[in-house]
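Please open the model in a viewer and keep the selection tool at hand. The stops below proceed from the whole chain to individual elements.

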Amino acid sequence: MIKFNNFLEATLYFNTEKKCREYLENIRWEGKPYCPHCDHSEKIYKFKDEKTYKCSACKKKFTVTVGSVFENSNVSLQKWLLSLYLVSSTKKGISSIQLGKAIGVTQKTAWFMLQRIREMLKEEAESMLEGVVEIDETYVGGKAKNKHAKARRELRKNGTGYMNMTPVVGMLQRGGKIRMIALKHVHKINGSVLKPLVYDNVAKDSVLITDGHGGYYGLKNTYKQHEVVRHDQGEYVRGMYHTNTIEGAWSHLKRTILGTYHYVSVKHLDRYCNESSFRYNNRKKHECLRFDTALENCKGRLKYKELIK
Ligand SMILES: [Zn+2]
């Protein structure tokens, strides 16, 4: 059900903490509270404060935020939900400075909230990609030309301009979903990196489309069909065979990183990939339903120590 159509309506809708809490209870429990300590959902009693519950099986108390990214946060649920709305409804994301101003928290707090929200945008792979699947690789991060002269000389000596950049492999099912995998500890992509990722994510009876990267060599032995578009020979489209769809997704990822965040450190790159793929995979949904999809995934919590280590 569509409850709000834009930020103003969302603000009016989530006008009290109680309303926010009830909304979250509905999404997490679908009307039937369950105990996060022992998983029981029978004989759960609600306290007069309207937010604390007690489980008759294990006698422990809980609220709806236990075990979620909102647990033990000093930030109100109202600010959390409106932040999630802002992130899930914008095309290119929102910076911690912008978010801080919009909801009235410090930039540092907003940055931390955004990292937690990006964890929520991570989609679990439910099944293999199939049909026609475009596969491509790209590099994200610092460019050699922006580096200090001494660092550039070292890069030249090492014989690669990619040293400071992180490879990301993408697989996109035509008419379906994209998966982006950031390879944080890999400097250069080759077959031993690429092929296991394809085997793990793409069904064997699929038609693969890739560029001429040597790392894809041999996939045709395993897959129904493997079409190679030879960019190095000036070929970009051969009928239905091209990688334009996934290249569009890359340009979105890069515009988001450069335009909104300006800089992304390697250790957080996978979270930005989560955010970008979430936008792509849910782009046809109404904003309100996209918000619900993200909120359903609020389980698990990223601790501050984990985030800054
Ligand atoms: Zn219990």
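Colour the chain by secondary structure: 11 helices and eight strands appear, where helices (H or I, at least four residues) and strands (E, at least two) are DSSP runs numbered from the N terminus. This is a predicted model, in which local features need pLDDT of at least 70 and side-chain atom pairs count only at pLDDT 80 or more, while totals for chains, interfaces and linings use all residues. Residues are numbered from 1 along each chain as its sequence is written.

Next, select the open sheet of five strands, ordered β6-β5-β4-β7-β8 with mixed pairing; two strands pair if DSSP finds at least two bridges between them. At the edges stand β6 (178-182) and β8 (225-229), each with a single partner strand, so one side of each has no neighbour in the sheet. From one strand to the next, the twist averages 25°; such angles run from 0 to 180 degrees between N-to-C directions, with axes being lines fitted to C-alpha atoms, for helices over the stretch in contact.

Within the sheet, select β4 (residues 132-141) and β7 (residues 207-211), which run parallel and are joined by three bridges. Val133 has Leu208 in β7 as its bridge partner.

Now add helix α7 (residues 191-201), which lies across β4, β5 (165-173) and β6 and runs at about 30° to β5. Helix α9 (residues 269-281) also lies across β4, β5 and β6, running at about 175° to β6.

Finally, return to the whole chain. Of contacts (C-beta atoms, placed from the backbone, within 7 Å) between residues at least 6 apart in sequence, 60% join residues at least 24 apart.

Methods: Contact = placed C-beta atoms within 7 Å.
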